[in-house]
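Here's a quick tour of a few side-chain pairings and the elements they hold onto. Have a look at the model first, then read on.

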Amino acid sequence: NNIKQKNIRNIFILSAIFLLIVAVVLSILFNSRNKSNKQLVETNLKLQEANNKLNISESSLKELNSVKDKFFSIITHDLRGPLSTLKMLLINYMENTEAFTKEEMISFTKKILDSTDNVSCLFENLLIWSKTETNNVIYKPEELNLAEITEQTLKLFKLRLIQKEINISINVDGNILVFADKNMLSFVLRNLIDNAIKYTEKDGKIEVNAANIEDNFIKISVNDNGIGIEQKNLNNLFQINTHFSSGGTQNEKGTGLGLIICKEFIEKNNGKIWVESKQGIGSSFYFTLLNG
C-alpha cells in the first residue's frame, strides 16, 4: 500500500510538474504572440502613417503641378497681349519716327505706358498669387480701424477718380473695427475699388459701405453704377480655372487674378466674398470680416 500510495503521489507530482511546464510554455507562447501582435500592430500603424504621408506628398505635388499649370496658362493668356501691343507700338515708332506729330507722340507714349502698366500689374498679382498658393504669405491678423484703412486705400485712386470724373462716397463709421491682416485687407479694398473705377462710366458713382451683421461679423460692400457683369460670368469671377477678365469703360485692362486673390485673402481671414450685378445697372461686391 505504501508503495502504491508513493507511486500515486509521484504520478501526481509528475503530472503537476508537467502541467506547470505546459502552463509556462503556453504563457511564454501567449506572451510571445501578444508581443508579435503588438509589434505587428505598431508596424501596420507605421506603414499606415508612412502611406498617409506619401498620399499627402502626392496630393501636394499634384496641387503644385496644378498651380504651375495655371500659372503658365495665365502668363500665356495675359502676358501675350500687352507684350504684343508694346512690340507693335515700338516697331511702328521706329518705322515712323519723323511722321508723328506732338499730339500723336503723347498718345503713343500713353499707350506704351498703359501696356507696361498692365505687364507690371500682372507680374505683381502673379507674385502675390503664387505666394498664397505655396503658403508663403505671412498672415498677421490684428484689430484694424476700417475707416482709416479705406481712406488710405482711396488716396491711391484720387487722380483716376478726377480723370474719369467719378464721385465716390465712403459710408464707414469711424468706430468700426475688424480683425484681419492689414496687407490682405488693403489688397482686397484696392482691387475692388480699382475694378469699380475701371467699369464705371464717366460721371459715375461708387460707394463703400460697412455695417455690423449677425455672428460678430462686419459686412463691407463696394458698389458702382457701372456697366455691370453678365449673369453667365458672375460665377467665373473667383475661379482660377475659368480665369475671366474684361476691358474697362476706357479700355482699361485687367489680369483676372485680382478677384481670385481677394477670395483667398478673405477666406484666410475667416470671411466670405460674393458679387451681385446687372448689366447696364452696376455691380456690388460684398465681403465679411470678423468684428474687432
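## Rings, charges and one helix

Phe-187 and Phe-265 are both buried. Keep in mind that this is a predicted model. These two phenylalanines make one of the 2 aromatic pairs that turn up in a search of the whole structure. With ring centres 5.4 Å apart and planes at 70 degrees, the pair is edge-to-face. It bridges distant stretches of chain, since Phe-187 sits in helix α5 and Phe-265 in helix α7 (residues 258–268), 78 residues apart.

The other aromatic pair is Trp-274 with Tyr-286, and this one is stacked, at 5.4 Å centre to centre and 15 degrees between the planes. Trp-274 belongs to strand β6 (residues 273–278) and Tyr-286 to strand β7 (residues 282–291), so parts 12 residues apart in sequence get tied together. Trp-274 is partly exposed at 30% relative accessibility, while Tyr-286, at 16%, is buried.

Back to α5, which covers residues 182–198 and spans 24 Å from first C-alpha to last, close to what's expected for 17 residues. Of those 17 residues, 14 are buried. At the start of the helix, a side-chain oxygen of Asp-181 comes within 3.1 Å of the backbone nitrogen of Asn-183.

Now for the charged side chains. The structure has 4 salt bridges, including these:

| Pair | Closest N to O distance |
|---|---|
| Asp-194 and Arg-160 | 2.2 Å |
| Lys-202 and Glu-165 | 3.5 Å |
| Asp-194 and Lys-198 | 3.9 Å |

Which residues end up in one network? Arg-160, Asp-194 and Lys-198 do, through salt bridges that share partners. Asp-194 and Lys-198 are both in α5, 4 residues apart, or about one turn of the helix. Arg-160 comes in from helix α4 (residues 158–163), 34 residues away from Asp-194. Lys-198 is buried, with a relative accessible area of 6%, whereas Arg-160 is partly exposed at 23%.

The Lys-202 and Glu-165 bridge runs between loops: Lys-202 is in the one between α5 and β4 (205–213), and Glu-165 in the one between α4 and β2 (167–171), so parts 37 residues apart in sequence are tied together. Glu-165 is partly exposed at 41% relative accessibility.

One last stop is Asn-145, in strand β1 (residues 141–145). It's buried, with a relative accessible area of 18%. A polar atom of the Asn-145 side chain lies 3.1 Å from the backbone nitrogen of Ala-147. Beyond its neighbours within four places in sequence, Asn-145 touches Gly-174, Ile-176 and Leu-177.

Definitions and conventions: Residues numbered from 1 in each chain as written. Predicted model: local features only at pLDDT ≥ 70, side-chain atom pairs only at ≥ 80, totals over all residues. Heavy atoms only, no water. Helix = DSSP H or I, 4+ residues; strand = E, 2+ residues; numbered from the N terminus. Expected span 1.5 Å × (residues − 1). Buried < 20%, exposed > 50% of the residue type's maximum accessible area, 1.4 Å probe, protein only. Polar contact = N/O pair within 3.5 Å; in protein donor to acceptor, adjacent residues only side chain to side chain. Phe/Tyr/Trp six-rings, centres within 6.5 Å; stacked < 30°, edge-to-face > 60°. Contact = heavy atoms within 4.5 Å.
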